[in-house]
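Okay, thanks everyone, I'll keep this short. Let me put the model up, and then we'll go through one helix and a couple of interfaces.

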Amino acid sequence: MKNFTRFESKGLTESLLKLAKIYKREPWRDHELGKGRRLGAVFLNPSLRTRNSLQIAADHLGLSMQEMNMSRDSWALEMSEGAIMNADKAEHIREAAGVMGAYFDFLAIRCFPNLVDKEADQSDDVLKQFQKYSKLPTVSLESASRHPLQSLADLMTISEHSKKDQPKVVLTWAPHVKAIPHAVAHSFAEWTLGMDMDLTITQPKGYELSDEFTQGAKISYNQEEAIADADFVYVKNWSAFQEYGHTPKVDEDWLLKESQLQKLAPEAKIMHCLPVRRNVELADELLDGDRSLVLHQAKNRIFTAQAVLATLLKQPTSIKV
Amino acid sequence: MKNFTRFESKGLTESLLKLAKIYKREPWRDHELGKGRRLGAVFLNPSLRTRNSLQIAADHLGLSMQEMNMSRDSWALEMSEGAIMNADKAEHIREAAGVMGAYFDFLAIRCFPNLVDKEADQSDDVLKQFQKYSKLPTVSLESASRHPLQSLADLMTISEHSKKDQPKVVLTWAPHVKAIPHAVAHSFAEWTLGMDMDLTITQPKGYELSDEFTQGAKISYNQEEAIADADFVYVKNWSAFQEYGHTPKVDEDWLLKESQLQKLAPEAKIMHCLPVRRNVELADELLDGDRSLVLHQAKNRIFTAQAVLATLLKQPTSIKV
Amino acid sequence: MKNFTRFESKGLTESLLKLAKIYKREPWRDHELGKGRRLGAVFLNPSLRTRNSLQIAADHLGLSMQEMNMSRDSWALEMSEGAIMNADKAEHIREAAGVMGAYFDFLAIRCFPNLVDKEADQSDDVLKQFQKYSKLPTVSLESASRHPLQSLADLMTISEHSKKDQPKVVLTWAPHVKAIPHAVAHSFAEWTLGMDMDLTITQPKGYELSDEFTQGAKISYNQEEAIADADFVYVKNWSAFQEYGHTPKVDEDWLLKESQLQKLAPEAKIMHCLPVRRNVELADELLDGDRSLVLHQAKNRIFTAQAVLATLLKQPTSIKV
């Protein structure tokens, strides 16, 4: 593993999950591993769970983490090659990332898509430029395309709460009030399918996800059919992918109800990556009931991040300026 | 002491003050006490002294502190139960505080009142929701109703500078240019009266504080009468409490002068919690003169915070997710 | 050295450079030096390199650093003596700096000029008030007049890349899209001339720097003449100094080209303090070519800051409140 930005293999994922579970029992067992090493954590977007779980994971490993909140602590970044920088951006990503490469041993980056330019978003151009110009091993803290640390924590949570070898996992679209990125949904599909899990995805017409991520999943436009006998229901909104970033009107009611689950999937656990819009994406009765795993998912963000950082720390670092 | 959000007892306060004075002499004596424990510090409002003194106190105890500046680093929080979150708030306090409960051992929270909804403010609903959903021991860094860490530092400062067993303490209203919360004034009254001190409160008509906090104090509408023979004069603005958050016009001049003190209370020391509006709340001649204890109060914020954190650390922690 | 805010002497600079080079090889050799000491780092302006290099330098020395982002984390500061604070500023620098004096052992301050009031800017009134009211040893992280940590890193970079005892150093004005402070240019002149280096400064009519800093340098209005046979070309924009903060129109093309260097100064290395406006101040072909030392300058910010902090730490500290 040189970087942690996407699903790589079933074997690697199994070893990360195994290590994460060890850290959950003994968080301080490798507290010397990061000594004298530095993690630069770049936030181009807000964060609560990601920021704090990464910080805790780094502390457990004795790794120094420095946060950089771009355009607030620092300078607004120009991302275009060859740009004539005569507008509002004070620094080019070449220099910003280049300097980070000179200052840190690892980089972690949160960079949401703009949901306007599909090609730029899906190519992860911002993440890739940070990697290219810093020349550092990089951890994605959610990029335009994926949210791998979330997916790993999701898999860990499923593994902890599953009573079956091959549980039925359903990813269902949910309503929202604004256009939301596809990263969590795509990433969840990529990781569960990569692990050969039984995944069903359900969404309204117009909200189909990218084939690149969903190949192998059962797809349904009928939420009730999809959730029947589900063991885990991952609830999440995303905007349209084909008509990129749009939010076509949905006539049916996609807000899941406890009564539906009692009828169709009485054993089902409810998952969400948070933050969640209560009573828009997910009803109070589900979030506050016994089915909800959302705080378990959030807690596991610490130990999966720690497993990823530890794995990177055990590898030889790149040579710097 | 499960939480530190208000005055509890004379005995507890005496032991906190005793411990704070020990830490002032030997700040590092308990530097192993917080090892492996985490304090989440939530700021919904700006802070200089509170933020830095808490950080220093935590460092002295080897306690890891993580700052969360809500709506800037993280997401804007919805506080209403049952809300349909279809507006601008991206996360509910149930999830935000729930996640903090999964990540930290203690919580510290700064949440100013809005000065519009008196009932909500005075019930400390924001603070209480953080406590309820995090299930963590909580330290108030100034809530709508109180500023207990400030009051404890104020008592420590009075104790260090008092030449009498029972000094005369006066809390006087001072002018300001905008509506200011009641927390510092109410809290100062609660703590001094709780310690059976001789407290006089003086303010213009319309600016009476809440009976809940001032019962036992002498109340006067005449500043000169009130400050006569004072040993400590705590100067502070607050908005109207009855006509909640309003700022009725005051005709007399309430800006204290050195000449008045020379005549009426030549021994008086001047106190203020800071930040202070110079020459609006308090004149340069008083802030810059020998009477001023304001930097001593600020310095003592470190050691009183340290005494509070140490006392919490010595108690069994709550079980978490 | 009581403070580090300007060039003091050739001897001190030589010893700082020597120490910085030692730290570059062995960053952790003095990791106990700062133990139990605290650095308050005040940012009134954005920062990437300065913030991160200072943090890394402090970590290497075991020195605790606390950042204060004024007007964001904390309160907007009033800077005028005797002000009646009835407008938008909530705290006076007397109290803010006074409290810092009670909380920290050292202060580091970034405070850009406003480019409106020349006298106030050039007297470094903001920096001096922080020094005066904190009573702490102070490090400038770029003030209105100077950027001494940058200049020290620049000298270190020249020293590492020079093939001659007395290289020809050129400071050239470059275009920009807005009014830029003089601190980097003035400081670079002050330090290179203080070290008896061969310095040529070139700029268009109207952009002459202050005599106070440039005395001893060769001055030219012809960029091509100036750069002939240069070993190091420091490229930087600044606004007019006489017609303070203005940006008179420049008709000639001052954007340096690789073809010019090949013809006039084939051995020349290119320097810039960053952030740089690509293709406005400095062309891609130069920034991305072998001549560029900009990432070396940025990297050396760590070790020069460390040398400065270590030198301050080795001296007796001031007595505090």
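So, to start: what should the 14 residues of helix α6 of chain C span at 1.5 Å a residue, and how far apart are its end C-alpha atoms? Keep in mind that this is a predicted model. The helix covers residues 148–161 of chain C. The expected span is 1.5 Å times one less than the number of residues, so the helix should come out at 20 Å, and its end C-alpha atoms are indeed 20 Å apart, which agrees.

Is that helix mostly covered or not? Mostly covered: 11 of the 14 residues in α6(C) are buried. The buried residues include Pro148(C), Leu149(C) and Gln150(C), and Ile158(C) is also among them.

Okay, on to the interfaces, and A with B to begin. Chain A puts 26 residues into that contact and chain B puts in 23 residues. On the chain A side, α2 (49–60) and α12 (294–313) each supply at least two residues. The largest share is from α2(A), with seven residues. By class, that side of chain A has 13 nonpolar, six polar and seven charged residues.

Now A with C. Here 23 residues of chain A are in contact with 26 residues of chain C. The chain A elements giving two or more residues are β2 (64–69), β4 (91–92) and α3 (93–103). Of these, α3(A) gives the most, six residues. And the class breakdown for that side of chain A is 11 nonpolar, eight polar and four charged residues.

That's it from me.

Conventions
Residues numbered from 1 in each chain as written. Chains lettered and ligands numbered in written order. Predicted model: local features only at pLDDT ≥ 70, side-chain atom pairs only at ≥ 80, totals over all residues. Contact = placed C-beta atoms within 7 Å. Helix = DSSP H or I, 4+ residues; strand = E, 2+ residues; numbered from the N terminus. Nonpolar A, V, L, I, M, F, W, Y, C, P; charged D, E, K, R; others polar. Buried ≥ 20, exposed ≤ 12 C-beta atoms within 10 Å, placed from the backbone.
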